[in-house]
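Subject: Structure for your files

Dear colleague,

Here is the structure I promised to pass on. My notes on it follow below.

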Amino acid sequence: MSHRKDFMVSSRIINNDDEYIDGLLDSSPAIVDAIYKRYSRKVKHMVIGWGGNIKEAANVFEEVLLAIYNYARHHKLLLTNHFEPFFLYACQLKWKQEMMQKVPNKGATFHPEAPSPGLDAEHMKYVEEALAWSGNIQDNDNTREELEEMLADQRERWFHTKGNPNTKISIYVIITAIIAAGLAGLLFLSPWHKDVYRQFSGTEMEHIHKEGQEADTALLLHEAAMSFNHGHFTHTIQLLDQILAKDPHHAPARYYKGVSLVELGQLELARKDLGIVFAGTSPYQYNAAFYTALSYLKEGNKQLCLEWLLKIPDSAPIYFKAQSLKEELAEKN
């Protein structure tokens, strides 16, 4: 008998990082959806950037979620760190374990590091114990079965591969791609930089409400995130400008305004905002460098694109995505 819960996409704002753990333990569709929406792309780029494929990225994502679920059911797991560095560090550590079995030499060069603001020793221990834990997993765990079914559904949404059995859609995509490439050739265009830009430019604006945050700013950020994630970049800029009028040093608002301007093709203006963020010390610093690189890619300046990618250190969470872009550009030579 299936105990599967109906799947719903939620716009819920998560106020407490422990809600992620509680949501997994309750197989909450809203929490599972939020985790995939916020972190699937990051894990995908990390795995692909270190020699894996989309299927392997999906496996890492699912196995880490199930490991956290299994561990949390049998241990008191109270997060005092943010969930993002906790989960992404676990995914990095899991992928390192996979690489050490497949390609030990390459695996030895990969050093997992929790994204900013990092993890303390206790939470790193939680991650290591969760991945290594092999305690009793009950066969009649209905909640786990529900969670596994949700993960299977999410795999189709967020880790779609070319091998998907939906052949009608696949054929349509292939035909469309052939037609687009043919038209580009007829128009004497250089299509590679546009294709690569679209491949690497996807991002989402995340806004988690924090206690004590000014109500007007929190509301504007939430509305801006909804607008940005629906591709309404002009409206997003209008909302973010209201925040920047109050606080010119608001790094998230400045960063997402820059990204929105890149999407709108206003590249010089975008670089001014992104440059301000890059010159600071916020968690968005190297994401701003990456989008500055994409701004040059969008106008076909490969050299400056590469120069900005080289500004991103291997300790930055965006590093894996930057490495993938550099490899993609090298293949286009």
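**Aromatic pairs**

Helix α4 (residues 83-102) holds both Phe83 and Phe87, four residues apart, or about one turn of the helix. Helices here are DSSP runs of H or I with at least four residues, numbered from the N terminus. An α-helix has 3.6 residues a turn, so residues three or four places apart point the same way.

Before going on, the basis: this is a predicted model, in which local features need pLDDT of at least 70 and side-chain atom pairs count only at pLDDT 80 or more, while totals for chains, interfaces and linings use all residues. Residues are numbered from 1 along each chain as its sequence is written, and side-chain values use heavy atoms, with hydrogens and water left out.

The search of the whole structure gives 22 aromatic pairs (rings of Phe, Tyr and Trp, the last by its six-membered ring, with centres within 6.5 Å; planes under 30 degrees apart are stacked, over 60 edge-to-face, the rest tilted). Phe83 and Phe87 make a stacked pair, because their ring centres are 5.6 Å apart and their planes lie at 10 degrees. Phe83 counts as buried at 0% relative accessibility, and Phe87 counts as buried at 0% as well (buried is under 20% relative accessible area, exposed over 50%, partly exposed in between, with a 1.4 Å probe and protein chains only). Both residues belong to a cluster linked by ring pairs, which also includes Tyr20, Tyr36, Tyr39, Phe61, Phe86 and Phe159. The charged end of Lys44 sits over the ring of Phe159, 5.5 Å from its centre (NZ of Lys or CZ of Arg within 6 Å of the ring centre and within 35 degrees of the ring normal).

**Salt bridges**

The count of salt bridges is 15 (a side-chain nitrogen of Lys or Arg within 4 Å of a carboxyl oxygen of Asp or Glu). In one of them, Glu84 and Lys42 have their closest N and O atoms 2.6 Å apart. Glu84 is in helix α4 and Lys42 in helix α2 (residues 29-49), so this pair ties together parts 42 residues apart in sequence.

Asp241 and Lys257 meet in another, at 2.9 Å from N to O. Asp241 belongs to helix α11 and Lys257 to helix α12, so the bridge ties together parts 16 residues apart in sequence. Lys257 counts as buried at 15% relative accessibility, whereas Asp241 is partly exposed at 33%. These two residues are linked with Arg254 and Asp273 in a network of salt bridges.

**Helix α10**

The end C-alpha atoms of helix α10 (residues 215-229) are 21 Å apart, which agrees with the 21 Å expected for 15 residues at 1.5 Å a residue (1.5 Å times one less than the number of residues). Its buried residues, including Leu220, Leu221 and Phe228, pack against α11 (233-246) and α12. Just after α10, Gly231 takes a positive phi of about 80 degrees.

**Confidence**

Mean pLDDT (the predictor's confidence in each residue, from 0 to 100) is 80 for the protein chain, with 79% of its residues at 70 or more. By element, helix α13 (residues 267-279) has the highest mean, 96, and helix α8 (residues 167-186) the lowest, 49. Residues 162-170 fall below 50, and this stretch has three contacts beyond near neighbours in sequence (heavy atoms within 4.5 Å). Where pLDDT is low, the predicted coordinates should not be read in detail.

Regards

Conventions. Helix = DSSP H or I, 4+ residues; strand = E, 2+ residues; numbered from the N terminus.
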